[in-house]
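Biologist: I am new to this structure and would like to learn how to read it, feature by feature. Could we go through it together?

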Amino acid sequence: MLRKIEAVIKKAVGGKVQVFVTTSEKPEFGDYSTNIAFSLAKEKTFRQAQGKKFPAEIAGDLVKKIQNSDKKRFFEKVESTGGFVNLWVSKKVLIGELGSLLKTKSYNPKAKRLKINLEFISANPTGPLTMANGRGGFLGDTLAKILEVAGHKVTREYYINDAGNQIRLLGDSILAVLGKVLERDEHYQGAYIKDLADVLKSKILSSTGEKKLDSEAIGRLAAAELLKQIKISLKNSGIEFNNWFSEYENLHKKDELKKVLALLEKKGLVEKKEGAVWLKQFVIGGLFARPDSKKESGLGLKTSDIADPDATVGAGEKDRVLVKSDGKPTYFLSDLAYHYDKFVKRKFDLAVDIWGADHHGYVARLQSGVKALGIDSDRLKIIITQLVRLIEDGKEVRMSKRKGDFITLDELIEELGGKPSSAKASAGRDAARFFFLMHTPDSHMDFDLALAKERSLKNPVYYVQYAYVRAFNILKRADAESKISDLKSLSKESELALIKELVKFPDMVLQIAEDYQVSRLARYAMSVARAFNNFYEKERVIGENGEVLPERLALVTVFKDIFARVFALLGIDAPEKM
RNA sequence: GUCCCCGUAGUUCAAUGGACAGAACGACUCCCUUCUAAGGAGUAGAUCGAAGUUCGAUUCUUCGCGGGGACACCA
């Protein structure tokens, strides 16, 4: 819709100006508005042609131009106030838009279809998924769905760190429980380690001689076991993946790390010193120099949401170890191999990584490492989700995965709604999902579990779902057919307001696919629900004698259809009763 | 010490550089002979401070002041 309006205005105004239209926040400023007069006032060529004018004057001229060229009555009203041009779209256009919206599932048929690798959660298989993993998980899952309906091909990937120190440590931790090695401070602790020891006990104790399992082998067995549990948690949370990428199987076993190392050596970017192999960060003149920090990223992402490599590269970045003096590769090297695999071997146009805040210092390193491999770092977007702090009795509770002291995702869902196996399973999932999706990843959230539990009935998700239930009930009771064209006879304020809100849906999807601000969708759901509840209170669809008003029934039908799509993207239930 | 994120209503959070800074919860007033009141209508209530850029700054820049996080031959 935004693009259609922009096109109409551009045509009316003529010339080559960029036209940006936004939805208006207040009814007196129309349905949509544009600040084009302000931009024109500054424009050099415009000044030369028309002389210096104030925005308000220009806006007045634009209104006349638009009115004169709008023969088909696209707009019902065009006004200017304070330099803004405010637009009221005609009912005919709105209804036409809704009609075509109902018929389509793709909101951007003309879009360039990008092949996107979206990697999220990727929690080490050394313990259950935590509440914090849920934040990135819900974000990734919904972002993937939005990118898909916006026309892109998305691979949702979980990177399994099943190689390296932490796997040996996991195996060691289990041996410690079994009394085979001494307990150490750095061992993973918590009840789940004891459970794993029980499960793997006979396998470990029966292995002898040549086939005796070492820490790493045990760690790998344990990791596989934990991964099974992680997959169950993901299923309960409604988070889907379609690719599981094992570091061990796909990179280490295939010698991909060595290949990437050889590539870097060939480029002369590698140095051996102090018994280790290093990646030199500043060897190519200007390669990592700080470019214009104000430049827009290709996707129009907000720099505050996407860690900006240019902000830190050059300032603190230094040589980094790729291979340790004991001959083992660092995590950095395997990450480079992993991203080389994404971009070069699997040919993704774009890789989006969602990481927890504890990794944000790593962003610059990986970005410049990817650059060193000769890959345009604009193709790698890293989204950082800030920490979720758990508050209890007004004080922060420190969570540590290693110490086994944390709230799992399963526990969170259960607290908010009921056991995953129960009939009300989806309630907790929906409450948790909506809660996290409402907030931007930037916000440092304080999460008081007791309060969340107490307030779970006040969670906005129920408000949103309740609106859907109301619509469903009307349709069930009415038991009649209606057509989109029936909408024409609607004229009440609450009816038109709802139509205008519904029409925004595709714009919303496309905008999020551009700027990744997923929280907009949750907020949009709330405002649509509000518009519907308002309509519901004021106008009856089924009269007191049971007669059905077809035009209102049509509106309810459209609402239910679009709302179901919003729910699907958010990954929450569209309930028929509550 | 260096770097990153955050600072908005009593609370938890919103706001592509736009108009009178929005919601939810909480507080206070009203509204159930009506399709589920898990609802609707209304009232009160906020941009950490100081400069700067701009026609216009919650947003961008710089400097303070608070809170959180990261700075390994860990992952």
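Modeller: Let us begin with the terms: helices and strands are DSSP runs, a helix having at least four residues and a strand at least two, and they are numbered from the N terminus. Please keep in mind throughout that this is a predicted model.

Biologist: With those labels in hand, which helices and strands each supply at least two residues of the surface near RNA strand B?

Modeller: A residue is taken as near a strand if its C-beta atom, placed from the backbone, lies within 6 Å of it. Here the elements that each supply at least two residues of that surface are the strands β4 (84-89) and β15 (445-448), together with the helices α7 (165-177), α12 (309-312), α18 (460-478) and α21 (519-538). The largest share, nine residues, comes from α18.

Biologist: Which residues come nearest to RNA strand B, and how do the residues of this surface divide into nonpolar, polar and charged?

Modeller: There are 73 residues around RNA strand B, and those that come nearest are Ser33, Glu274, Gly361, Asn473 and Lys577. By character, the surface near the RNA divides into 30 polar, 27 nonpolar and 16 charged residues.

Biologist: How is chain A divided into domains?

Modeller: The assignment gives domain 1 as 2-89, domain 2 as two segments, 115-164 and 235-385, domain 3 as 390-457 and domain 4 as 460-570. The centres of domain 1 and domain 4, taken over C-alpha atoms, are separated by 30 Å.

Biologist: Turning to sheets, what should I look for, and in what order do the strands of the four-stranded open sheet lie?

Modeller: Strands of a sheet pair through backbone hydrogen bonds, and the pairing is either parallel or antiparallel. In this open sheet the order is β1-β2-β4-β3, with antiparallel pairing. The edges are held by β1 (21-23) and β3 (75-81), each of which has a single partner strand, so one side of each is left without a neighbour in the sheet. On average, neighbouring strands of this sheet are turned by 25° against each other, direction ignored. Within the sheet, strand β2 (residues 32-34) is joined to β4 by three bridges, and Thr34 stands opposite Val85 in β4.

Biologist: Which strands are at the edges of the open sheet of three strands?

Modeller: That sheet has the order β8-β9-β10 and antiparallel pairing. Its edge strands are β8 (270-273) and β10 (320-323), each of which pairs on one side only. From one strand to the next, the twist averages 45°. Strand β9 (residues 276-279) runs antiparallel to β10 and is joined to it by three bridges; Leu279 has Arg320 in β10 as its bridge partner.

Biologist: Finally, at what angle do α18 and α21 pack, and at what angle do α5 and α19?

Modeller: The axes of α18 and α21 lie 9 Å apart and meet at an angle of about 45°, which makes α18 oblique to α21. Their crossing is left-handed. For α5 (residues 91-103) and α19 (residues 493-503), the angle is about 50° and the axes are 10 Å apart, which makes α5 oblique to α19. The crossing of α5 and α19 is left-handed.

Key:
Residues are numbered from 1 along each chain as its sequence is written. Chains are lettered from A and ligands numbered from 1 in the order in which they are written. This is a predicted model: local features need pLDDT of at least 70, side-chain atom pairs count only at pLDDT 80 or more; totals for chains, interfaces and linings use all residues. Ala, Val, Leu, Ile, Met, Phe, Trp, Tyr, Cys and Pro count as nonpolar, Asp, Glu, Lys and Arg as charged, and the others, Gly among them, as polar. Two strands pair if DSSP finds at least two bridges between them. Axes are lines fitted to C-alpha atoms, for helices over the stretch in contact, and angles run from 0 to 180 degrees between N-to-C directions. Domain bounds come from an automatic or database domain assignment. Angles under 35 degrees count as roughly parallel, over 145 as roughly antiparallel, 65 to 115 as roughly perpendicular and the rest as oblique. A crossing is left-handed if the near helix is turned anticlockwise from the far one by less than a right angle, and right-handed if clockwise.
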